[in-house]
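Visitor: Hi, I'm new to this one. Could you walk me through it?
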Amino acid sequence: MIVGYGGAGAVTAIAAADAGANVVVLEKNPAGRHFCNTNVSGGIFISPTETEGAFRYLKACMGDTVGDEMCRLWAQETSLNKDYVADLARSVGEPPQIIRCAGAEFPGLPGAAAISSWALAAGTGGKLFSVLDQCVRARASIRLEYGASGRRLVQSADGEVLGVRALRNGAVISIRARRATILATGGYEYHEQLKANFLHGGPRYFYGPEGNTGDGLLMAMAAGADLWHMNAASQHYGMAYKNFPVGFNLANFRPFPRSSYLVVDQHGRRFFDETRNGHSAYSHFVFFDPESGACPRIPAYLIFDESLRLMGRPLSASKGLNGGLIGAAAAKHGYFWSDDQSREIERGWIMKADTIAQLAQAIRSRQGPNDVVIYPNNIRMAAEALVGSIATFNEYARQGNDPEFGRQAALLEPLATPPFYATEVWPVGPNTQGGPRFDTRGRVLDAYGEPIPRLYKCGELGSIYGRCYTGGGNLAELLAFGRIAGRSAAGEPSGAASRVGR
Ligand SMILES: Cc1cc2nc3c(=O)[nH]c(=O)nc-3n(C[C@H](O)[C@H](O)[C@H](O)COP(=O)(O)OP(=O)(O)OC[C@H]3O[C@@H](n4cnc5c(N)ncnc54)[C@H](O)[C@@H]3O)c2cc1C
């Protein structure tokens, strides 16, 4: 029994079926309207070229949040990903070509040379998921149940997981899992209370589909799971507005040669190199000021001039490294950011003014309760601060040198052409990483490190990424640990009455 049909659910289903199990997959979305993080993703996955280096790299990324045994397994199993994806594509008649997209996100860390990220040449995450989906449908022993939302695990008196209670068409159904139950419901990107409690700073926004409401996390907690990496998420900075359900992705925002933009905090001061918007860029934003008791960078402001507004491409809707559109959850809601940002100015998402001082005034008048965004602080921007920051930045741009934050000369251009614009930017990203801790077989562990009998997990729900996330890592993990969890779960003895684990 698998709960959640994203990439993790699909790979575990394929592995379990190939190991001889009959598989039922529950997916809360209705058939035909199924969006998950996997199918809107960039489709880029790590497949290291050498395992010892990959082990050292993951260790350096994770610090003490993950043990050596798990890091070694990650290095070994993810290095099979490239061939695995090519083989799956070939098996359903899709082009098997895989292209190299990037190296390690942190090239200075030990072992980074071993890390390579890849994607199907034929497309982004939509194509990857379509290949997985075709492989699932080609296996008669897998049954997909759409419109069925897992709500509770059913356990025996001594903790063995017997199956799942789910909601389908408003009715509660109970489904028995003869061998095992695998939670693959994604993260808690759209559970406000969980985010407020586990993620530092806030609000924190996401740009994937809204189905990931932490359901698997709650089910695992109720079954006694230990949790790990709850404070971890991959987030860039991007836009989010009160009257729109998902965030907007600015991840690959490098409008060269129109680089006349910067980011300032609520006081009007720059605080980092704005052109570096990787998966950990949110760290610059979650700063808590112990003197004022506020997070003065949530939100911060993206400030730009007329030449950037007219650059001919939307601020959001970035292209993946292999060219395809990512962050497509907004598109799912029928929203396409306008090429000249005019629609967003009309909606009041982007503020506009003839001078920088007037722009500061516009920002200041929005710093408080309003219809467009949620302000957690009551800081008010002084016009002189913003005017000063822009003057300094423009001087750096003219000299081709940013002595404060080291922004590259080629990406420095003065904000010189009025009118000027501002929009709020927040920690916005693809997904959370935290959830139930698991072992080398994919089994969910309890608070004492013992497996909860017949309970497994896969994917971004309780991912291996603790201290920091490295690009291409989530898909790499679900491919690798999906194979492991699916095989292991299929190997459980049949019959819920038998005793396993503890
Ligand atoms: C725009 C975007 C771009 C990304 N690009 C990349 C990339 O290039 N490389 C990379 O490695 N990672 C990328 N990521 C992250 C990666 O896509 C995800 O972490 C990964 O796909 C998660 O897979 P999953 O199967 O765990 O979750 P998902 O793919 O989100 O699937 C979870 C499924 O569970 C369902 N579900 C939830 N609750 C229930 C319930 N109670 N009952 C039944 N079903 C339920 C959901 O509806 C969903 O279909 C990106 C993410 C986004 C949003």
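Guide: Here is a short chat about the ligand shell and a helix pair. This is a predicted model, where local features need pLDDT of at least 70 and side-chain atom pairs count only at pLDDT 80 or more, while totals for chains, interfaces and linings use all residues. Residues are numbered from 1 along each chain as its sequence is written.

Visitor: Cool. How many residues surround the ligand?
Guide: The ligand has 44 residues around it, and the closest are Gly 4, Gly 6, Gly 42, Gly 211 and Gly 459. A residue counts as near if its C-beta atom, placed from the backbone, lies within 6 Å.

Visitor: And which element gives the largest share of that shell?
Guide: That's H14, with five residues. Helices (H or I, at least four residues) and strands (E, at least two) are DSSP runs, numbered from the N terminus.

Visitor: New topic: at what angle do H3 and H4 pack?
Guide: Helix H3 (residues 51-62) and helix H4 (residues 68-78) pack at about 135 degrees, their axes 8 Å apart. Axes are lines fitted to C-alpha atoms, for helices over the stretch in contact, and angles run from 0 to 180 degrees between N-to-C directions. So H3 is oblique to H4; angles under 35 degrees count as roughly parallel, over 145 as roughly antiparallel, 65 to 115 as roughly perpendicular and the rest as oblique.

Visitor: Which residues of H3 and H4 make the contact?
Guide: Among them are Phe 55 and Leu 58 of H3, and Trp 74 and Ala 75 of H4. Contact means C-beta atoms, placed from the backbone, lie within 7 Å.

Conventions:
Two residues are in contact if their C-beta atoms, placed from the backbone, lie within 7 Å.
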